[in-house]
Amino acid sequence: MTEHQARLQNLKAHILEELDLLKDQADPVALDQPCIGRVARIDAIQQNEMAKSNLRYFLSQLNEVNAALQRLEDEEYGFCEECSVDIPDARLAIKPEVRYCVGCQEGQEAR
């Protein structure tokens, strides 16, 4: 297993752990609970919305990691998807699922 593959697998394992923790927190909140006050229900709804947001984020990250693992398998990993330049190892070490070089990433974010 290569260093990049190990990093991606570790990141995937971490994301799957986070998703497992979040799945119960993102379940709908029962609003007809007479034993708790209005403020507690509002807090529960807010916590639920944050959990849903985190769930969407980690699902997106999981898709990115799976795509990076596929690129690694296809021997296309480490190349910018837009300009085909080599992505520096330092960038891949920090964010192993990255698809673009810094210049192209900035262009993507500006759009």
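Helices here are DSSP runs of H or I with at least four residues, and strands are E runs of at least two, numbered from the N terminus. With that in hand, select helix α1, residues 3-25, and find Ile15 in it.

Before you go further, a word on what you are looking at. This is a predicted model, in which local features need pLDDT of at least 70 and side-chain atom pairs count only at pLDDT 80 or more, while totals for chains, interfaces and linings use all residues. Residues are numbered from 1 along each chain as its sequence is written, and side-chain values use heavy atoms, with hydrogens and water left out.

**Stop 1: the whole chain**

Switch to cartoon view. You should see four helices and zero strands, so to speak an α-α-α-α run from the N terminus on. Colour by pLDDT, the predictor's confidence in each residue from 0 to 100. The chain averages 88, and 88% of its residues reach 70 or more. Of the elements, α3 has the highest mean (93) and α2 the lowest (89). Where pLDDT is low, the predicted coordinates should not be read in detail.

Now turn on the surface. About 7,600 Å² of the chain is exposed, with carbon and sulfur atoms supplying 52% of that; the areas come from the Shrake-Rupley method with a 1.4 Å probe, and for residues only the protein chains shown count as cover. Of the 111 residues, 23% are buried (buried is under 20% relative accessible area, exposed is over 50%, and partly exposed is in between, with a 1.4 Å probe and protein chains only).

**Stop 2: Ile15 and its neighbours**

Go back to Ile15 and show its side chain. Is Ile15 buried or exposed? It is buried, with a relative accessible area of 1%. Which residues does Ile15 touch, leaving aside those up to four places away in sequence? Select Phe58, Gln61, Leu62 and Val65 (a contact means heavy atoms within 4.5 Å). Put a distance label between the C-alpha atoms of Ile15 and Phe58: they are 6.1 Å apart, although the two residues are separated by 43 places along the chain. For the chain as a whole, 54% of the contacts between residues at least 6 apart in sequence join residues at least 24 apart.

**Stop 3: the ring pair**

Stay on Phe58 and add Tyr57. The structure holds one aromatic pair, and these are its rings: the centres are 5.2 Å apart and the planes sit at 70 degrees, so the pair is edge-to-face. The rule covers rings of Phe, Tyr and Trp (its six-membered ring) with centres within 6.5 Å; planes under 30 degrees apart count as stacked, over 60 as edge-to-face and the rest as tilted. Phe58 is buried at 14% relative accessibility, whereas Tyr57 is partly exposed at 47%.

**Stop 4: a salt bridge within α2**

Next, pick Glu49 and Lys52. Both belong to helix α2 (residues 38-73), three residues apart, or about one turn of the helix. They form a salt bridge, with 3.3 Å between the closest N and O atoms (the cut-off is a side-chain nitrogen of Lys or Arg within 4 Å of a carboxyl oxygen of Asp or Glu). Glu49 is partly exposed at 40%, and Lys52 is partly exposed too, at 29%. In all, the structure holds eight salt bridges.

**Stop 5: the network**

Now select Arg71 and Glu81, whose side chains meet in a salt bridge at 3.3 Å, N to O. This pair links distant parts of the chain, with Arg71 in helix α2 and Glu81 in the loop between α2 and α3 (89-94), 10 residues apart. Arg71 is buried at 8% relative accessibility, while Glu81 is partly exposed at 41%.

Add Arg99: Glu81 bridges to this residue as well, with closest N and O atoms 3.4 Å apart. Arg99 lies in the loop between α3 and α4 (102-110), so this pair ties together parts that are 18 residues apart in sequence. Select Glu64 too, and you have the full network: Glu64, Arg71, Glu81 and Arg99, joined by salt bridges that share partners.

**Stop 6: two positive phi angles**

Finish in the loop between α2 and α3, where you will find Glu75 and Ser84. Glu75 is not a glycine, yet has a positive phi of about 60 degrees. Ser84 also has a positive phi, near 70 degrees. Glu75 is exposed at 70% relative accessible area, and Ser84 is exposed at 54%.
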